[in-house]
Amino acid sequence: MKKITVNNNIINWEENMTITRILKIMNYTFRMLVVKVDGKLIKKNEYESTIVSPDVDVKVIHLISGG
Amino acid sequence: MNKKEFFSAHDPKIVPILQKAVIGIAGAGGLGSNIAVSLTRAGIGKLVIADFDKIEPSNLNRQQFFVDQIGITKVIALLENLNMISQFTKYQVHEIKLNEENIPFIYKDIDIMVEAFDKAKMKTMLIETWLTNFPDKPIIAASGLAGWGKNELLHSRKIDNLYICGDEETDLQTGISPMAPRVGIVANMQANLVLELILKEKL
């Protein structure tokens, strides 16, 4: 079974796996996110069109108001 | 007071490195005003600070301003206060609302960016703009600092050139507001990381 890493959690890779799908699997419902795949920034309008390969390292950072 | 007197409590080896550093601060509120005060005391060579807001009474609960500065633009008041701390940091302040277009110009000559906004949407905008335009320069952001207590949840985390300080979980909501101690701790975690990034490679 092929895998990917999301914030240090290892999950199963799927065919045509988008960022939107990953966020759903991880149950990340935050509105303000920064997403990086193997170090590359993926902007919000690219979540649906970006398809990840097996073995990628995905980092999702949740930005919270307050300062 | 001369420069030697001001820096007499510093390790002499680090002073020239600090004095060469140029640091950007995006926002001059709870995080930004505290970061600026600490980096000024640390002896950073130049700070580039931008904010468009004016000081309101409610800001005094956590921001480095005073009663007689209410109504003044934050960057102008901060400039006054920083000048009272040290003449050995240069201050460049911009009274402007930052956006995707002006950030790359205002901050084109800095070594490290420090995110100091209040709203999550602005934090995200700045990080995306920074990573797109200056992928090789570090950015230090804050996320999750509202409320009180829970010291043990505060941490910093590195994702390539992006650093996050805070608890990454406490959101603003009824009953949970930003307060001086926790905002000050996270602001100083950001300032402390600035020093680490500047000094660890050069010493």
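User: Happy to dig into this one with you! What share of the area that chain A exposes do carbon and sulfur atoms supply?

Analyst: Good place to start, and keep in mind that this is a predicted model. Chain A exposes about 3700 Å². Of that area, the share supplied by carbon and sulfur atoms is 48%.

User: What percentage of the residues in chain A is buried?

Analyst: A residue counts as buried when its relative accessible area is under 20%. Chain A has 67 residues, and the buried ones make up 51%.

User: Thanks! What radius of gyration does chain A have, and why does it agree with a compact globule?

Analyst: Let's take the extent of the chain before the radius. Along the principal axes, the C-alpha atoms of chain A fill a box of roughly 45 × 25 × 20 Å. For 67 residues, a compact globule would have a radius of gyration near 11 Å, and the value for chain A agrees with this: 12 Å.

User: Which pattern of helix and strands does chain A follow along the sequence?

Analyst: The elements to place are one helix and five strands. Reading along the sequence of chain A, the order is β-β-α-β-β-β.

User: What percentage of the contacts in chain A between residues at least 6 apart in sequence join residues at least 24 apart?

Analyst: Here a contact means heavy atoms within 4.5 Å. Taking the contacts in chain A between residues at least 6 apart in sequence, the part that joins residues at least 24 apart is 53%.

User: And the charges: how far apart are the mean positions of the positive and negative ones in chain A?

Analyst: Chain A carries 10 positive and 7 negative charges. Comparing the mean position of each group gives a separation of 7 Å.

User: Now for the rings. How many aromatic pairs are there over all chains, and is the pair of A:Tyr28 and A:Phe30 stacked or tilted?

Analyst: The count over all chains is five aromatic pairs. The ring centres of A:Tyr28 and A:Phe30 lie 5.9 Å apart. Planes under 30 degrees apart count as stacked. The planes of A:Tyr28 and A:Phe30 are at 20 degrees, so this pair is stacked.

User: Are A:Tyr28 and A:Phe30 buried or partly exposed?

Analyst: A:Tyr28 has a relative accessible area of 19%, so this residue is buried. A:Phe30 has 35% relative accessibility and therefore counts as partly exposed.

User: Is the pair of B:Trp130 and B:Phe134 stacked or tilted?

Analyst: Both partners are buried, B:Trp130 at 0% relative accessibility and B:Phe134 at 14%. Their ring centres are 4.4 Å apart, and the planes are at 35 degrees, so the pair is tilted.

User: Lastly, which residues do ring pairs link into a cluster?

Analyst: This cluster belongs to chain B. Its members are B:Phe6, B:Phe7 and B:Phe88.

Note on methods
Residues are numbered from 1 along each chain as its sequence is written. Chains are lettered from A and ligands numbered from 1 in the order in which they are written. This is a predicted model: local features need pLDDT of at least 70, side-chain atom pairs count only at pLDDT 80 or more; totals for chains, interfaces and linings use all residues. Side-chain values use heavy atoms; hydrogens and water are left out. Helices (H or I, at least four residues) and strands (E, at least two) are DSSP runs, numbered from the N terminus. The radius of gyration is taken over C-alpha atoms; the globule rule is 2.2 Å times the number of residues to the power 0.38. Buried means under 20% relative accessible area, exposed over 50%, partly exposed in between (1.4 Å probe, protein chains only). Accessible areas come from the Shrake-Rupley method with a 1.4 Å probe; for residues, only the protein chains shown count as cover. Lys and Arg count as positive and Asp and Glu as negative; His and the chain ends are not counted. The place of a charge is taken as NZ of Lys, CZ of Arg, CG of Asp or CD of Glu. Rings of Phe, Tyr and Trp (its six-membered ring) pair if their centres lie within 6.5 Å; planes under 30 degrees apart count as stacked, over 60 as edge-to-face and the rest as tilted.
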